[in-house]
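User: Please zoom in on one strand of this model and follow what surrounds it. Spell out your cut-offs as you go, and keep it relaxed.

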Amino acid sequence: MYKYTEKSIGGHFKVSQNVIAAMDGTGKEYVLFTPLAPYETPSAVDAICEKLSAKEIVRRAIYSKVGKLTKSDITELCPSIGIKSVELALKQLVEEGVLLKKGSGRATFYVRSDSEMN
């Protein structure tokens, strides 16, 4: 927002750490939230702005976990995409050999092909 004001800080990332704090009824201040450190901010903004395909979102999610994954697990890990996109991505990742599909019906689960569980 500063970019659109007369202040010279517009378009720059923060250079010092900050916190979001509140004060209770006795005047004691406490931290509600600590944002990313200044050195982490540019890469975090880049990651937010990066447009990823559903398959890439699912791929990143499966590499963030170890062991069995159900479609429900992956849907929870990927709240930005719908169930049909998750299903298609799972199908593609199985076809590519990234995931192994085990079981059938409601008992279906997936494991990474590079895991020791397969």
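Analyst: First, a ground rule: buried means under 20% relative accessible area, exposed over 50%, and partly exposed in between (1.4 Å probe, protein chains only). This is a predicted model, so local features need pLDDT of at least 70 and side-chain atom pairs count only at pLDDT 80 or more, while totals for chains, interfaces and linings use all residues. Residues are numbered from 1 along each chain as its sequence is written, and side-chain values use heavy atoms, with hydrogens and water left out.

I'll zoom in on β4, which covers residues 109-112. Helices (H or I, at least four residues) and strands (E, at least two) are DSSP runs, numbered from the N terminus. For orientation, the chain has 4 helices and 4 strands, in the order β-β-α-α-α-α-β-β from the N terminus on.

Let's begin with R112, a member of β4. Is R112 buried or exposed? R112 counts as buried because its relative accessible area is 18%. Two polar contacts involve its side chain (N or O atoms within 3.5 Å; within protein, one able to donate a hydrogen and the other to accept it, with sequence-adjacent residues counting only if both atoms are side-chain atoms). One goes to the side chain of D114, at 3.0 Å. The other ends on a backbone atom: the oxygen of K65 lies 3.1 Å from the R112 side chain.

Now look along the strand itself. F109 and V111 point to one side of β4, whereas Y110 and R112 point the other way. Neither direction leads to an exposed side here, as all of these residues are buried. Set that beside the whole chain, where 21% of the 118 residues count as buried.

The partner of β4 is β3, and the two run antiparallel with 4 bridges joining them (strands pair if DSSP finds at least two bridges between them). Among those pairings, L100 has V111 as its bridge partner in β4, and K101 has Y110. The two strands make a hairpin with 6 residues in between, and G103, in that turn, has a positive phi of about 75 degrees.

K101 deserves a closer look. It belongs to β3, residues 99-102. Ignoring neighbours within four places in sequence, K101 is in contact (heavy atoms within 4.5 Å) with V94, T108, F109 and Y110. So Y110 turns up for K101 both as a contact and as its bridge partner. A little further along the chain, S113 is 12 residues from K101 in sequence, and their C-alpha atoms are 9.4 Å apart in space.

This brings us to the largest pocket. On a 1 Å grid over the protein atoms alone, a pocket is an open set of points with protein on both sides within 12 Å along at least five of seven lines, where a 1.4 Å probe fits; lining residues have an atom within 4 Å of a point. Which residues line the largest pocket? They are T70, K71, E87, L90, K91, V94, K101, G105, R106, T108 and Y110. Y110 and K101 are both on that list, and so are V94 and T108, the same names we met as contacts of K101. The element that gives the most to the lining is helix α4 (residues 83-95), with 4 residues. By type, the lining has 3 nonpolar, 3 polar and 5 charged residues (Ala, Val, Leu, Ile, Met, Phe, Trp, Tyr, Cys and Pro are nonpolar, Asp, Glu, Lys and Arg charged, and the others, Gly among them, polar).

For a point of reference, glance at the other hairpin. β1 (residues 20-23) and β2 (residues 29-33) also run antiparallel, joined by 4 bridges, with A22 paired to Y30 in β2. That hairpin leaves 5 residues between its strands, and G27 in the turn has a positive phi of about 90 degrees. Past β2, Y39 sits in the loop leading to α1 (41-49). Y39 counts as exposed because its relative accessibility is 68%, quite unlike the buried R112 at 18%.

To recap, β4 bridges antiparallel to β3, R112 anchors our view with its side-chain contact to D114, and Y110 is part of the lining of the largest pocket.
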